[in-house]
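Here is a friendly walk through one protein chain, meant to be read with the model open beside you. We begin at one residue and then widen the view.

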Amino acid sequence: PHARLMRAVAPGSGDTVAVKVLASQGVGTGRDALARFVREAEALAKLRHPNVVPLHDFIEAGPAMVLAWMPGGSLRDLLDREPFSPARAAEIARGVLDALAEAHRLGILHRDVKPSNLLFDGGGTARLADFGAAHLASSQATVTVGAIGTVAYMAPEQREGRAATVTSDLFAVGVLLHEMLTRRLPSGDPGEIRLSLEHPDLSPAHDALLARFLEPQPGDRFASALEARQAVE
């Protein structure tokens, strides 16, 4: 609601790019929206990773961001039209976790990992996008803002207005994995997850792995994106 996104052609190279411009009017505009916009640009400028949408340029006069165009659409688009094999779901989750591992290393929490914020390039590689809700360790912005994030993918501590942590981002990855494998959001006790009953390629060990992503208490989840990535691998 606070930005306009346009497909454009870069002069000189002729490359197709995405241009994200802060909207001058509309819901969510104002100083907070500007701060989020600048914070997103700062996060993307730090994050040079193959599983993050690349930032080509930041134009202060807009302000605007010039980003790589992602022709493969979003995970939301794919979820709406086709089921995922467990192998493909795991491949996508590993890509997201790789991106988060680098973000967390740099002191960046994404805080809004969801299907519409996971885009695919022309080769089908998953790339994390939209760091507008991100918290930078160097930022003065509070990490406990209750309006940040999307409820269905929020960890319990975020929904309650408590501080987001590294494991809050990992909880969201668990929701993505569950949705890719079942085409529905998780509900109830994570200990009752039974993916092994729905996929012949999955076992109770896979049920336990996904349940650990979705534990209500942050301390019961994986301690880091790297640990979670190794478990998925």
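Which residues does D121 touch, not counting residues up to four places away in sequence? The model is predicted, and in it D121 touches M70, P71, G72 and R127.

## Around strand 6

D121 lies in the loop between strand 6 (118-120) and strand 7 (126-128). With a relative accessible area of 16%, D121 falls under the 20% cut-off and therefore counts as buried. One of its partners deserves a second look: the side chains of D121 and R127 are joined by a polar contact of 3.2 Å.

Next, turn to L119, which is found in strand 6. L119 has a relative accessible area of 21% and is partly exposed. Leaving aside neighbours within four places in sequence, L119 is in contact with V53, M70, G73, S74, T125, A126, R127 and A129. M70 appears in the contacts of L119 and also in those of D121, and R127 is likewise in contact with L119 and with D121. In sequence, L119 and M70 are 49 residues apart, while their C-alpha atoms are 6.4 Å apart in space.

## The chain as a whole

Stepping back, the chain has seven helices and eight strands. Of its 233 residues, 48% are buried. If you take the contacts between residues at least 6 apart in sequence, 59% of them join residues at least 24 apart.

In soluble globular proteins, nonpolar side chains tend to be buried together. Here, the largest nonpolar core has 58 residues. Those with the most contacts inside this core are L75, I92, L177 and F213. F213 is a good place to centre the view. Beyond its neighbours within four places in sequence, F213 is in contact with L97, L170, F171, V173, G174, L177, R221, F222, A228 and V232. L177, then, is both a contact of F213 and among the residues with the most contacts inside the core. Another core, of six residues, lies apart from the largest one, and A10, V17, V21 and V66 are among its members.

## Spaces in the model

How many cavities of 30 Å³ or more does a search of the whole structure find? The search finds two. The largest cavity holds about 50 Å³ of space. Its lining is made up of R111, D112, V113, T150, Y153, M154, Q158, S168, D169 and A172. By class, that lining has four nonpolar, three polar and three charged residues.

The second largest pocket holds about 350 Å³ of space. Of the 21 residues that line this pocket, H178, P186, S187, G188 and L214 are the closest to its centre. Helix 4 (156-159) and helix 5 (166-182) each supply at least two residues of the pocket lining. Helix 5 gives the largest share of this pocket lining, four residues, and also the largest share of the lining of the largest cavity, three residues. The pocket lining has 11 nonpolar, four polar and six charged residues.

## Three arginines in loops

Three loop arginines can be set side by side.

| Residue | Place | Relative accessibility |
|---|---|---|
| R111 | loop between strand 5 (108-109) and strand 6 | 5%, buried |
| R162 | loop between helix 4 and helix 5 | 37%, partly exposed |
| R183 | loop between helix 5 and helix 6 (204-213) | 43%, partly exposed |

What is the phi of R111, although it is not a glycine? R111 has a positive phi of about 75 degrees. R183, which is not a glycine either, has a positive phi of about 65 degrees. R111 has already come up as one of the residues lining the largest cavity, and at 5% relative accessibility R111 counts as buried because the cut-off is 20%. R183, at 43%, lies between the 20% and 50% cut-offs and so counts as partly exposed.

R162 has a side-chain partner of its own. The side chain of R162 makes a polar contact of 2.8 Å with the side chain of E160, and R162 is partly exposed at 37% relative accessibility.

Technical notes. Residues are numbered from 1 along each chain as its sequence is written. This is a predicted model: local features need pLDDT of at least 70, side-chain atom pairs count only at pLDDT 80 or more; totals for chains, interfaces and linings use all residues. Side-chain values use heavy atoms; hydrogens and water are left out. A nonpolar core is a set of buried Ala, Val, Leu, Ile, Met, Phe, Trp, Tyr and Cys residues joined through side-chain atoms within 4.5 Å. Buried means under 20% relative accessible area, exposed over 50%, partly exposed in between (1.4 Å probe, protein chains only). Contact means heavy atoms within 4.5 Å. A polar contact is a pair of N or O atoms within 3.5 Å; within protein, one must be able to donate a hydrogen and the other to accept it, and residues adjacent in sequence count only if both atoms are side-chain atoms. On a 1 Å grid over the protein atoms alone, a cavity is a set of points where a 1.4 Å probe fits but cannot get out, and a pocket is an open set with protein on both sides within 12 Å along at least five of seven lines; lining residues have an atom within 4 Å of a point. Grid points are joined across faces, edges and corners, and a volume is the space filled by probe spheres set on the points. Ala, Val, Leu, Ile, Met, Phe, Trp, Tyr, Cys and Pro count as nonpolar, Asp, Glu, Lys and Arg as charged, and the others, Gly among them, as polar.
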